[in-house]
Each structure stands twice: as C-alpha cells, then as structure tokens.
Amino acid sequence: MAARKTKNKRAQKRALRRASWDEYFMRIAIQAGTRSTCDRKHVGAVIVRDKTILSTGYNGSIRGMPHCDDVGHMLENGHCVATVHAEANAILQAAKNGTAINGADLYITASPCWNCFKLVANSGIKRIFYLEFYRDVRILKVAHEAGIELKHVKLNE
C-alpha cells in the first residue's frame, strides 16, 4: 500500500510541473490585466529585475477619471485614447514609489505600441517579454538598434 501511495504522489508531482520564470511572470502580467478598466483590450505588465517584481501596471483611465467601461470610449482611428497603457502605468508606478527600473525586464501581455515602446526604451528596460504581438513593427528594428531584446513567450496550458 505504501508503494502505491508513493507512486501516486510522484505522478501528481509530475502533473504539477513547476512554471519557468518567464511563465510565472507572464501569468502575473495576465492577472494584472484583469484590473484593466477599458474593455476593448485587457493588458497587464510586470517589471522585474533579478527575479523580483518591481512594479505592475494595467491599462486604465487617468487616475481619478471615469473608466471607459462606465462612460464609454474616446476613440481615435479605432483606438481608445482615454487610457494609460499597462507598461506606461508600470513605469509610472515605479517612479511614483522611487523604484529604479534601469536594466529591468518587462513582461507584458501585448507588445508595446510605438509611444509606449519609446517610454520603455528610455526607462532603461533591457528585455521585453510579450505574449501577443500588437501591431507596431517599428519596435522590432528599433529594439535591435537600441540593444533591447524582444522575446515572445508561449504559455503551456
């Protein structure tokens, strides 16, 4: 009977595979995105250095302003411009709290738009891990030229 219990525990342990660091931080970014206040796209971001979370962010309205989900969207060229993007909010949250992010990694559920990419680059973030590529191919060339690594993360379900 004891041998059978041990065998079952080993099988359960194999079934509960330990997540890689990339998967771990990306799943936290996904969770951060559940706080998004613009229902057009839920995006979450996590800034990490040395396997330690420095800041998180999600796309949402300007602090103190009504949420898109409540009052509707401010659309320009098919994009809601009322929200602050997840990566920008993560950078702002770090700055507000006096947390240095130079040399850090960014985990984000959708790759940065062009404006946010420029913020990310100038903040000193060195690697961007994204779940979904989001529209702007300019970031591919400029990331390479600026020495910023872009890495697509695939999650095991």
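In this predicted model, Glu23 is buried, with a relative accessible area of 7%. Its salt-bridge partner is Arg27, and the closest N and O atoms of the two side chains are 3.2 Å apart. Both residues belong to helix 2, where they are separated by 4 residues, about one turn of the helix. Arg27 has a relative accessibility of 34% and therefore counts as partly exposed, since buried means under 20% and exposed over 50%. Glu23 and Arg27 are also linked with Arg17 in a network of salt bridges.

Helix 2 covers residues 21–33 and contributes a further charged residue, Asp22, to a contact between distant parts of the chain. Asp22 forms a salt bridge with Lys151, and the closest N and O atoms are 3.0 Å apart. Lys151 lies in strand 9, 129 residues from Asp22. The relative accessibility of Asp22 is 18%, so Asp22 counts as buried. Lys151, with a relative accessible area of 33%, is partly exposed. In the whole structure, 7 salt bridges are found.

Another of these salt bridges is formed by Glu145 and Lys141, with the closest N and O atoms 3.0 Å apart. Both residues lie in helix 6, and their separation of 4 residues is about one turn of the helix. Glu145 is exposed, at a relative accessible area of 55%. Lys141 likewise counts as exposed, at 56% relative accessibility.

Strand pairing was examined next. Strand 7 (residues 105–110) and strand 8 (residues 127–132) run parallel and are joined by 5 bridges. Within this pairing, Ala110 stands opposite Glu132 of strand 8. Between the two strands the chain passes through helix 5 (residues 114–123), in a β-α-β crossover that is right-handed. Strand 8 pairs in turn with strand 9 (residues 149–152), again in the parallel sense, over 4 bridges. Phe129 has Lys151 of strand 9 as its bridge partner. The path from strand 8 to strand 9 leads through helix 6 (residues 138–146), and this β-α-β crossover is right-handed.

Strand 7 also pairs with strand 1 (residues 44–49), in this case in the antiparallel sense and through 4 bridges. Val46 stands opposite Tyr107 of strand 7 in this arrangement. Strand 7 is mostly covered, with 6 of its 6 residues buried.

In strand 9, Glu149 was also considered. Glu149 has a relative accessible area of 38% and is partly exposed. Glu149 and Asp39 are 110 residues apart in sequence, and the distance between their C-alpha atoms is 29 Å.

The structure holds 7 aromatic pairs. One of them is formed by Tyr24 and Phe25, whose rings are 5.0 Å apart, centre to centre, with 65° between the planes. This pair is classed as edge-to-face because the angle is over 60 degrees. The two residues differ in burial: Tyr24 counts as partly exposed at 41% relative accessibility, whereas Phe25 counts as buried at 2%. A second edge-to-face pair joins Tyr130 and Phe133, with 6.0 Å between the centres and 70° between the planes. Tyr130 counts as buried, at 11% relative accessibility. Phe133 is partly exposed, with a relative accessible area of 31%.

Tyr24 and Phe25 also belong to one aromatic cluster, together with Trp21, Tyr107 and Phe129. Two members of this cluster have been named above in strand pairings: Tyr107 of strand 7 stands opposite Val46, and Phe129 is the bridge partner of Lys151.

On the surface, Phe133 forms a nonpolar patch with Val137 and Leu140, and the accessible area of the three residues together is about 250 Å². Leu140 is located in helix 6. With a relative accessible area of 41%, Leu140 is partly exposed. Because patches are made of residues with over 30% relative accessible area, Leu140 at 41% and Phe133 at 31% satisfy this cut-off.

Key: Residues are numbered from 1 along each chain as its sequence is written. This is a predicted model: local features need pLDDT of at least 70, side-chain atom pairs count only at pLDDT 80 or more; totals for chains, interfaces and linings use all residues. Side-chain values use heavy atoms; hydrogens and water are left out. Two strands pair if DSSP finds at least two bridges between them. A crossover is right-handed if, with the strands pointing away from the viewer, the path from the first strand over the helix to the second runs clockwise. Patches are made of residues with over 30% relative accessible area and no salt bridge: like charges are joined within 9 Å, nonpolar side chains (Val, Leu, Ile, Met, Phe, Trp, Tyr) within 5 Å. Accessible areas come from the Shrake-Rupley method with a 1.4 Å probe; for residues, only the protein chains shown count as cover. A salt bridge is a side-chain nitrogen of Lys or Arg within 4 Å of a carboxyl oxygen of Asp or Glu. Buried means under 20% relative accessible area, exposed over 50%, partly exposed in between (1.4 Å probe, protein chains only). Rings of Phe, Tyr and Trp (its six-membered ring) pair if their centres lie within 6.5 Å; planes under 30 degrees apart count as stacked, over 60 as edge-to-face and the rest as tilted.
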